[in-house]
Amino acid sequence: MSQLYFVLTRRCNQFCTSCPRHQEERIADEKYQNVKGRLFHTLEKFDVDDLILSGGEPALYREFPELIRELDRYDVPVMVQSNGQRFSERLFSERCFRDCRHEFHVMTALHSRNASLHDQITGVPGSFERAVEAIHNLLALHVRITVKCILSRLNVLGLPEYLSWLAEEFRGEVELCVSGMDYIGMSSQEKKEYMLDYADAAGPLRDSVQWYEENRSGLRNLVLIELPLCMLEKRYWNYFRNTRVGEQLYQDAYMNYPARRWHDFTTDYAECGMCAVRERCPGVWSEQYKLYPGSCVAPVVAEN
């Protein structure tokens, strides 16, 4: 059993600096019959039990609604990683998800409760309003929604207020995933602007988890990924989720067969080797460790 990460298109309608693919060449889409044939062949041959549709922006693929309808007849959980811009169009959302038999899962990023900051990060004016509208449209169609907040120097201080805003805006119907950032593909100037010293993030992250514990009905769930356990005290470790799966298959729409893929966040550091909870820790992105080795990992000597 394995997870398949399928890149449906390399095209995108945003230019997020926080995206490791933002500087890739955005080439034309593959024909639908080829894509469908490759995807379903992989699902069947490799006994896939978890499918992630990604990009680029997968909803830009012309036959995206048709593909969703095909997948609705196939017994596999599907997550769509989307910036939400196309789902702000109510009729498009309905073409995709109205009367679907299965529960589909959409993960979309909201970088801040501040519209101008979100738009600055995505590089597209008005993207905040469209993302919020998309979430409301999808919730009305009973699509499961995870909002992803990727921590950076620009948004970390506002994280506790961000949770409160999410709860008020979506009335407990969305899950929140707070994530570390992959800096691969960024220029030196972009890393300088975005890269966060984890020592500065611990306080806002702790305040956010405490807010959630006091207001659980405000969000369906809260998880922390791609961040090390040593950022917070042990009492908060149950919020961390290790997303490094045992086996992940990676397939681009142009690839006939999938390849194996390994994430670039790890616990393979000297400090981690001395940590008592290394095996359960999500790890740290390698670029994060290169620039902030002294603050991004602190080995737990003993699990008390």
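**Figure 1. His118 and the residues around it.** In this predicted model, His118 touches Ala109, Leu110, His111, Ser112, Ser127 and Phe128, leaving out residues up to four places away in sequence. Here, touching or contact means heavy atoms within 4.5 Å. You'll find His118 in helix 4; helices (H or I, at least four residues) and strands (E, at least two) are DSSP runs, numbered from the N terminus. Is His118 buried or exposed? With a relative accessible area of 1%, His118 is buried. The cut-offs are under 20% for buried, over 50% for exposed and partly exposed in between, with a 1.4 Å probe and protein chains only. Residues are numbered from 1 along each chain as its sequence is written, and side-chain values use heavy atoms, with hydrogens and water left out. Because the model is predicted, local features need pLDDT of at least 70 and side-chain atom pairs count only at pLDDT 80 or more, while totals for chains, interfaces and linings use all residues.

**Figure 2. Helix 4 meets helix 5.** Step back from His118 and you see two helices packing together: helix 4 (residues 115-122) and helix 5 (residues 127-140), at an angle of about 100° and with their axes 8 Å apart. That angle makes helix 4 roughly perpendicular to helix 5. Roughly perpendicular covers 65 to 115 degrees; under 35 is roughly parallel, over 145 roughly antiparallel, and the rest oblique. The axes are lines fitted to C-alpha atoms, for helices over the stretch in contact, and angles run from 0 to 180 degrees between N-to-C directions. Which residues of helix 4 meet helix 5? They're Ala115, His118, Asp119 and Thr122, and across from them in helix 5 sit Ser127, Phe128 and Glu129. Sort the residues of this contact by type and you get two nonpolar, three polar and two charged. For that sorting, Ala, Val, Leu, Ile, Met, Phe, Trp, Tyr, Cys and Pro are nonpolar, Asp, Glu, Lys and Arg are charged, and the others, Gly among them, are polar.

**Figure 3. Helix 1 and its buried Val35.** Helix 1 runs over residues 32-45, which is 14 residues, and reaches 20 Å from its first C-alpha to its last, close to the 20 Å expected at 1.5 Å a residue. The expected span is 1.5 Å times one less than the number of residues. Its buried residues are Tyr32, Val35, Arg38, Leu39, Phe40, Thr42 and Leu43. What covers them includes strand 1 (2-7), strand 2 (48-54), helix 2 (64-72) and strand 9 (248-252). Zoom in on Val35, and you're looking at a residue with 0% relative accessibility, so it counts as buried. Leaving aside neighbours within four places in sequence, Val35 is in contact with Phe6, Leu8, Glu30, Tyr61 and Ala253. Val35 and Asp252 are 217 residues apart along the chain, yet 9.1 Å separates their C-alpha atoms. After helix 1 comes Asp47, with a positive phi near 55°.

**Figure 4. Glu94, a buried residue in helix 3.** Helix 3 (residues 90-97) is home to Glu94. Its relative accessible area is 18%, so Glu94 is buried. Not counting residues up to four places away in sequence, Glu94 touches Arg69 and Leu141. The side chains of Glu94 and Arg98 are joined by a polar contact of 2.8 Å.

**Figure 5. Helix 6 and the Arg171 that follows.** Helix 6 (residues 159-170) has 12 residues and spans 16 Å between its first and last C-alpha, close to the 16 Å expected at 1.5 Å a residue. Its buried residues are Leu159, Pro160, Tyr162, Leu163, Trp165, Leu166, Ala167 and Phe170. What do they pack against? Their partners are helix 5, strand 5 (144-150), strand 6 (175-179) and helix 8 (198-214). Just after helix 6, Arg171 has a positive phi near 50°. Arg171 is exposed, with a relative accessible area of 70%.

**Figure 6. Two backbone oddities in loops.** Most residues other than glycine have a negative phi, and most peptide bonds are trans. Asp99 isn't a glycine, but its phi is positive, about 65°. Asp99 sits in the loop between helix 3 and strand 4 (105-109), and at 71% relative accessibility it counts as exposed. Now look at Gly55 and Gly56: a cis peptide bond joins them, with omega about 20°. Gly56 lies in the loop between strand 2 and helix 2.

Conventions. Polar contact = N/O pair within 3.5 Å; in protein donor to acceptor, adjacent residues only side chain to side chain.
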